[in-house]
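Thanks for coming. I will take a few minutes to walk through one structure, which should be on your screens now.

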Amino acid sequence: MKKGRLPSEIRDLIDYSLSKRSRVHRLPSAPQGRFWIKREDELSSGISGSKLRKYASLIPALKRKGVEMVGMIGGPNSNNLVGLAQLLKENSIEPVAFIRKAADPILRGNALLLDMLLPAERIRNIARADWQNAETIAKNYLEKLPREKGGGELLLEGCFGFDALPGAMSMAEDIVRNEKESETEYETIYVDCGTGLTAIGLILGLDVLSRHTQAPTRREIVVTLIAETQERFQSKLAELRSALSSMLGYRILPKVRIRYLLSIVAPKFGAVNRTLFQSCREISRDEGLLMDPTYSVKHFVTARDDFAKNRENSNSLFIFNGSPLGIAGFQDRLADPDL
Ligand SMILES: *Cc1c(COP(=O)(O)O)cnc(C)c1O
């Protein structure tokens, strides 16, 4: 076993040409400070970074199973649908998107990109009133579609599931590599949470990497809850921890501490307001970072606030999962001269 590497049972499930290295640098406005940024956004130009890590084990799993068609579920502005559609097509797997019907009839942002990627008959709109039955509707639809030989598979929203976990865990390996290179130990790591898989992968990845140390580590993972409650996150974490432990044949014990934050701006998932858009513009000017309002801007203002109040004396790492693609959906609001 190599130090700083996940066990081979996990590594073998990951396509490392997708889950690549990403760099870290200090916050541009505080070049001597202890707030570092991990540039997961740079992993791909068209797929948000955290998503690409998940796909790095999900796509190989779909190929192993001989899946020919994949149903994917999400909101009209989903980064996941746009990202996954690109990689599925690259791998000759046909995507069918089941989308919650948009309140906004104009095609913009990710809704436009998805419309460009898929033919009309592969985009199924589901009325808001029926959204709670989206999985059943999608399953029934997929079963009726003709296929050549392989099976169809329905993925949950945000690709939540065990197949995407190994890829998500690979970020932990890359952070340990960053620490060696920058000769800095990140005591606090700020990560955002939609379905939670990215954050869970990070936590379990770090737990696995420190499985031979006896005591809990000093490390603290701070999860910004964008689209999930603390209770549901904790139960998903427990569920995947136990699935991972059975796969490996030994128990993966908790080694990192976890703390939870709610966004300090527009905390409801999908909610936007003037402060959020102003922050989005400020971060671009002050830091040179183009962040999507839905996740990254909320995560950034929340993490920076926590760091200033509680963690200024320890090295902290902010995970920038985003891609600036999410900005396009809010172009009019951001361009408003009265903002
Ligand atoms: C999808 C996404 C997330 C959430 O990832 P989960 O694994 O679903 O928690 C966070 N940040 C950005 C920028 C995303 O696109």
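A definition to begin with: contact here means heavy atoms within 4.5 Å. This is a predicted model, in which local features need pLDDT of at least 70 and side-chain atom pairs count only at pLDDT 80 or more, while totals for chains, interfaces and linings use all residues. Residues are numbered from 1 along each chain as its sequence is written, and side-chain values use heavy atoms, with hydrogens and water left out.

Two more terms before the sheets. Helices (H or I, at least four residues) and strands (E, at least two) are DSSP runs, numbered from the N terminus. Two strands pair if DSSP finds at least two bridges between them.

Now the sheet of six strands. It is open, with mixed pairing, and its order is 1-2-10-7-8-9. Strand 1 (24-26) and strand 9 (257-262) are the edge strands, each pairing on one side only. Between neighbouring strands of this sheet the turn is 25° on average, direction ignored. For angles, axes are lines fitted to C-alpha atoms, for helices over the stretch in contact, and the values run from 0 to 180 degrees between N-to-C directions.

Strand 8 (residues 220-225) pairs with strand 9 in the parallel sense, over six bridges. In that pair, I221 stands opposite I258 of strand 9. Helix 7 packs on the sheet and touches strand 7, strand 8 and strand 9; its direction makes about 145° with that of strand 7. Helix 10 lies across strand 2 (35-38), strand 7, strand 8, strand 9 and strand 10 (316-319), and runs at about 150° to strand 7.

Next, the sheet of four strands. This open sheet has the order 5-4-3-6, and the pairing is parallel. Strand 5 (123-126) and strand 6 (151-155) each have a single partner strand, so one side of each is left without a neighbour in the sheet. From one strand to the next, the twist averages 20°. Strand 3 (residues 67-74) and strand 4 (residues 94-100) are joined in the parallel sense over six bridges, and V70 has P95 as its bridge partner in strand 4.

Last, the ligand. How many residues surround it? There are 17, and the closest are K51, K54, G194, T195 and T198; a residue is near if one of its heavy atoms lies within 4 Å. Helix 2 (49-64), strand 7 (188-193), helix 7 (197-209) and helix 10 (293-311) each supply at least two residues of this shell. The largest share, three residues, comes from helix 2.

A polar contact with the ligand is a pair of N or O atoms within 3.5 Å. A ligand oxygen is 2.8 Å from an N or O atom in the side chain of N79, and a ligand nitrogen is 2.8 Å from one in the side chain of D192.

Terms used. Polar contact = N/O pair within 3.5 Å; in protein donor to acceptor, adjacent residues only side chain to side chain.
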